[in-house]
Structure formats: C-alpha cells, structure tokens
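Work through the exercises below with the model open. Try each task before reading its solution.

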Amino acid sequence: MVLELQKPRPIWQIMFSTHHTDVGLLYLITSLAFLFLGGSLALAIRAELFLPGAQIIGDAMTFNRIFTVHGTTLIFLFILPFASSVGNYFVPIMVRYKDMAYPKLNAIAFWMIPPAGALIWLGFADFTWYATPPYSIISAPGPAADMWIFGLKILGISSVLGAINFIVTILKCKHPDMSIGQVPLLAWSFLSSSMIILVAIPTFAAALLMLLTDRLGVSGFFNPAMGGDPIAYAHLFWFTFHPEVYVLVIPAIGMMYEIIPRFSRKPIYSYNSGVFAFVLLSIVGFSSWAHHMYATGMSFTEKTVFMVGTLAAVPASAMHVFNFIATMWNGRIKFSTPMMWAVGGIALFFSAGAGGVANAAMPLDFTTHDTYWVVGHFHLFVMGTIAFGSIGFLYYMFPYVTGRMYNEKMGKVHFVMSFIGTVLVFFTQHVLGLYGMPRRVFDYPPIPEWIAMNQIATVGAMIIGVSMVIFLANMIYSSGKGALANTEDPFGVGGKYYYPFEAKNPSH
Amino acid sequence: MSGHSNWPEWIYVAVVIALMVWVGAEAWEAERLIEHVPADAKTIIVTGQQWFWTFEHEDGTKEIGELHVEVGKAYKFEIVSKDVNHSFNIHDYVVLMDAIPGRVNTVWFAPTEVGQHDIQCREYCGLIHYNMRGTLYVEAPSS
Ligand code: HEM
Ligand SMILES: [Cu+2]
Ligand SMILES: [Cu+2]
C-alpha cells in the first residue's frame, strides 16, 4: 500500500507532508508511543496495589496523578489517534479518492495532538479523567489542572476537525460510481463515529471553558459556594462521554469487520445489518448518559428513563456480535495473528456488554458503581475490545505499511499472553467490585479477599506488560528486517474479498 | 447482502430485546420497592468532608467516623457535603449515595443483624480519599 519504510525518506518530509498515508503514519507512531507511556503507568498502579500499604509509589497524590494521566492518555492519546491512523490510511482508499477531503486540515488536526499530550504529561493532574467539580475547582492543584483542561480543549478541537474531514471525505469525495451502500463497513464506522463526535464534543468543550473560568474564580457555574451546581457539569460531561465511548468502540468494530470476513474467507454475513447497527448505535447512544449518575440523587423517573435508554442501545451492540459469528460460521477460518486478536476482542466485547447491562439495571448499580467492577467493565471495552481490535488491525496493516511481515509466532504469543492477562485483570476486578473495593484508591484495608484479587490482577497486568515488550520488539525488528511481504496477499488467504490496497503517495 | 435469509438474526435480536425488557422490568420493580422509605425511619444526617464522615442523630448526638444504630430499626440518611463530592457507602447493606455540596440526598436502610460493617467513600475526593473510612456498629436495642 504505502511502503514508507521500504523507500526511506528524510523524516521531515513525512512530518511536513499532508498526504493521508503520511499523516496516518504520524498518527500511528504517536498513538503507539502513548500506548507504551500510558501502559507503564498502569503497571505502576498495579504494582502499588499488589499489597496494602505503600509499595512503589511514595504518596497518594502521586498515585492519583498517575491514574488520572493513565486514563486520559490511553483514551485520548492512544485509542483516538490510533483510530485516526487507520481512518487516514484506509478511508480515502475505500471510497476511492486520492486523499482526505481537506489534507491541510488533516495535518493540522494531527499536529494538535503532540502539544496536547505534552500539556497533559507535563502537568500531571490528579482530578481523574472526569475532572469533577467542585474538587476540580476548589481543590485540584494547578497548574496541572489548568494544563489538563487546555490539553483536553485542544484534543477536542482536533477530534472535531478530524470528524469533519472524515464525513466530507466519505460523503462528498467517494467515487461517483460508488453508492453509499457500497462503502465498506470500516469506512461506515468512521462516518458514524465522526457524526457522534460532531454532536457530542461541543458540550464538553463548553463545560471545559466553564470549568476553567470557575477555576479562575470569575464564574461559578459548577461551584456551589457561588450558587453553581456540580451536577450540571456531570450532565454535560456524560452527555459527551457516554456517546464518546461509542466513538472509541465503533472504529474498533469497523476494524473487526475488515479482519473477520477476510480470514474467514467469506463475505460479511450481513452488510446491511452492520450499517444499521452503526447508525442505530450513534443515535440511541445519546439516550443513556445519566446511567453514570444513578447515585447522584436522581429521581426514580430520571433513573428509569436513563435505564431504558441504556438498555435500548444494547441490541445494536449485540447485532455486531451476531454478524461476526455468522460470518465465521462455516468459514475456512485462518487463525493468523490479526484474526486471533479480532476473535478474542469479540469474546471480550460480549462479556463486557453483559456486565454493562448489570450496571444499567438501577438497583444493581448501587453495588457496582465506583467500585472496581466499573473499572473491570470499561477496561473489557477499552482494552479487551478496542485495544484488541486495534492491535489486531495493526498486525493486519503492518505488511501494507512496511512492505514486510511481522514475526507470526511472536504475534501469537503476544495475543495469548495479552488475552490471559486481560481476563485475569479485568474479570477479577469485576468480582473485586462486588466485594466492595472502591476505585481510585491508593491504599486499601487488609481484607484477605481484596488482597488475593488485587494480586491476581497485578500478575495479569505484568503478563500483559511482558507481552507488550514482545510486541514492541516484533514491530521494531520486523519493520526493518522482516521477510518481504507479498502485498497482493500477505496472509495467504486468497484475494477474493480484497479492496484495492494502493495509495499513490506523491513522495514515492 | 447475498440472498440468504435473515431469520436467525431476527430471532437473535428478538431474544436480546426480550432479555432487556425483562432486566428493565425487574430493575424497575426492585428499585420502586427499595426507594419506599418506611414512615417510622429515624433520620441521621451524614456529612462528608475531606476526609471523614460525621453523623448526627435525631437527638442531636454526633459521631465522627463511627455510626451506632440499633438492629431492626429503619434509618434514613440525609447526606450532605461540606466541600467536594463524596459518596457515602455501606457496601454490606448496598447503601450508596453521593454527598454533593448544595444538595441533600437521601437513602435508607434497616440493619437486620447485630454486627460491624465498613463505611467508606466511593467517589474520588482527593488526597486521602482512600482512607475516608468509618465503621458501622449495629447493636442490640438498648431497652
Ligand atoms: C452493552 C453496552 C453497554 C452498557 C449497557 C454499558 C453500561 C454502562 C453503565 C451503566 C456504566 C456506569 C457504571 C457506573 O459508573 O456505575 C458504564 C460505565 C462505563 N462504560 Fe459502559 N456500557 C456499555 C458499553 C460500553 C462501551 C462500548 C464502552 C466503550 C469504551 C463503555 C465504556 C464505559 C466507561 C469508560 C465507563 C465508566 C467511566 C468511568 O466511570 O470512568 N461502555 N457503562
Ligand atoms: Cu455510559
Ligand atoms: Cu472520597
């Protein structure tokens, strides 16, 4: 497809390029760098919680900063840029256009990410990824908190610019011979998630500004001491961030729609059902935000409305699972590395969704809310589904990007270790939550069940950590020294269901 | 779509919808019953602040970090906060309600057995959030 690494070019040529594959490469490298940075913080958290008492992190404040930056990094600086990377590489090709609709805007959207990342990392705020007032107004230390706010502000703008670009590329620049009903599901996933971004992000963007002026003391929107209401912030925040979870997950599902049929050597079971589920999810996803707020003192009616809204979105997610299984059914499946990651991701997606239903049922949520159950729940999505789909897709696009094959054996070892690790960490955390352990704690009382489950989770995390080192070694070594790939059919599955994987980079 | 029939997917979707309706109905019914505060419940004012809990009984007595109640009686907590958000939690009795400055949230419970239970804060509230803990003592009736 692109072969950047086969025909070396000076680095500045890629950095100043606006071509979609170059911007895709920049997104890719940035997102992977943040995956490893954010992942190291996760290992620090797990090491700290291995036993009660202070272990490796000296004090609670440092610990609080670490989990805040961990979450912020992996959501905004790994998952989102990774999806943008895939979108940059594949969307123009799939709609048969020469580039993104607005190449300069595309490069600008990318270049907003490094400064935002720097603000978040140099600040190292402690107020969790919610930045909930009044804590974030009256208690969170600056300048870290303010730097986080500016960082997120920039990331929000970058997201919106990217979304506009994807929408216009898909709707306006697709080849005239191509109807919208022929656009591959991966591109559909970008269309749906970009639509959600446009509707959802401005709300949080406004809330962030209000938070900033509240911190400066010139307003009191969310500050009860000045007549403001912290609950208003919670609504604005979740109005953006519940739909945002679909922004995170939908592209990963799109990537699986690319992998599953290819390695099952069958067409997708139902293209229409995939499109329908994407569109449905992006609409119904807006009806459930306050399921994060059952314990804030909402009325029975409010809780009921948001429970119904949440449950209503479940069939749309479930349809994807059906589509994947029906596609694999009776297929001549080849379990190459990308396929293993995709199938593993689907299994974890299903488990995560089942747990989500329990959260949504209002009386059960009072057991699970803000315990480790919730940590387990959303990590089965962000790690188990989204990172799995993304990493699988990275293996899948590796030969197209580098022109070389990764080491298949190391890829499989990476998968098996990560899968075992993920199950150990996040299934255990669900149970730990049922035993009542709150999330976001630096230390915990020596309750034997809590200690045991924390230790299982820490061991699981270390297994993932080791597998990620194998992954990194594989990527670095293979991109320079791996066997040359047959880009016509790198995985030997036959070319029948291939899209044309060609992008004419003017610099080549 | 290739011309295959789609009935397995329709059945599957119908099953998922039926399951969701069932979960929703059960949850609705349970929550409706849980929210009904008994008329004779005694009020305890719970105040969260960085980083401890204060309890004020109807007779005006105050306790810090410890809460003594009698078995078999119903109690209604009125939960407030002096600074930032907290969440009042007695996990063993599924008591969970946020303490939010500027608001009074209520939740009730009726302890069924004599014993001790952990009280904790379940909403991030800063430096010592992890140790914003207390103990509930459920005691035999005094008279
Ligand atoms: C079947 C679909 C889903 C259902 C029914 C569901 C339900 C819920 C509910 C009710 C909560 C609130 C739990 C609590 O705080 O007490 C929650 C939290 C969360 N969910 Fe889901 N969810 C679903 C899918 C997803 C997906 C696809 C993602 C993708 C990333 C996701 C990410 C999250 C996150 C990040 C949180 C917690 C955020 C936090 O408190 O830090 N969920 N979910
Ligand atoms: Cu949500
Ligand atoms: Cu707290």
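**Exercise 1. Classify the lining of the largest cavity by residue class, then find where it comes from.**

Solution. Start with the classes. The lining of the largest cavity holds 13 nonpolar residues, six polar ones and no charged ones. Keep in mind that the model is predicted, and that totals for linings use all residues.

Next, the size. The volume of the largest cavity is about 200 Å³. Its lining is made up of 19 residues. Nearest the centre are Leu80(A), Pro81(A), Ser84(A), Ser159(A) and Ile197(A).

Now assign helices. In chain A, α3 (60-94), α7 (144-172), α8 (185-216) and α9 (230-264) each give at least two lining residues. The largest share is from α7(A), with six residues.

**Exercise 2. Describe the second largest cavity in the same way.**

Solution. First, place it in the search. The whole structure has three cavities of 30 Å³ or more. The second largest has a volume of about 170 Å³.

Then list the lining. It has 16 residues. Nearest the centre are Thr132(A), Ala234(A), Thr296(A), Asn85(B) and Glu123(B). These names carry both chain letters, A and B.

Sort by class. Nine lining residues are nonpolar, five are polar and two are charged. Finally, find the main contributor: α9(A) supplies six residues, the largest share. Helix α9 of chain A also supplies at least two residues to the lining of the largest cavity.

**Exercise 3. Which protein atom is the donor of the iron atom of ligand 1, and where is its residue?**

Solution. Look for donors within 2.8 Å of the metal. The only protein donor is NE2 of His377(A), at 2.2 Å. His377(A) is placed in helix α14 (residues 372-402) of chain A.

Add the second metal. The copper ion (ligand 2) is 4.4 Å from the iron atom of ligand 1.

**Exercise 4. Map the surroundings of ligand 1 and its polar contacts.**

Solution. Count first. There are 23 residues around ligand 1. Tyr130(A), Asp365(A), His369(A), His377(A) and Arg439(A) come nearest.

Then take the contacts to oxygen atoms of ligand 1. For Trp129(A), a polar side-chain atom is 2.9 Å from such an oxygen. For His369(A), a side-chain N or O atom is 2.8 Å from one. For Arg439(A), a polar side-chain atom is 2.8 Å from one.

**Exercise 5. Split chain B into domains and give their separation.**

Solution. Read the bounds: domain 1 spans 1-36 and domain 2 spans 42-139. Then take the C-alpha centres of these two domains of chain B: they lie 36 Å apart.

Methods: Residues numbered from 1 in each chain as written. Chains lettered and ligands numbered in written order. Predicted model: local features only at pLDDT ≥ 70, side-chain atom pairs only at ≥ 80, totals over all residues. Heavy atoms only, no water. Donors = N, O, S within 2.8 Å, 3.2 Å for Na, K, Ca; no water. Helix = DSSP H or I, 4+ residues; strand = E, 2+ residues; numbered from the N terminus. Domains from an automatic or database assignment. 1 Å grid on protein atoms, 1.4 Å probe; cavity = no way out; pocket = protein on both sides within 12 Å on 5 of 7 lines; lining within 4 Å. Points joined across faces, edges and corners; volume = space filled by probe spheres on them. Nonpolar A, V, L, I, M, F, W, Y, C, P; charged D, E, K, R; others polar. Near = heavy atom within 4 Å. Polar contact = N/O pair within 3.5 Å; in protein donor to acceptor, adjacent residues only side chain to side chain.
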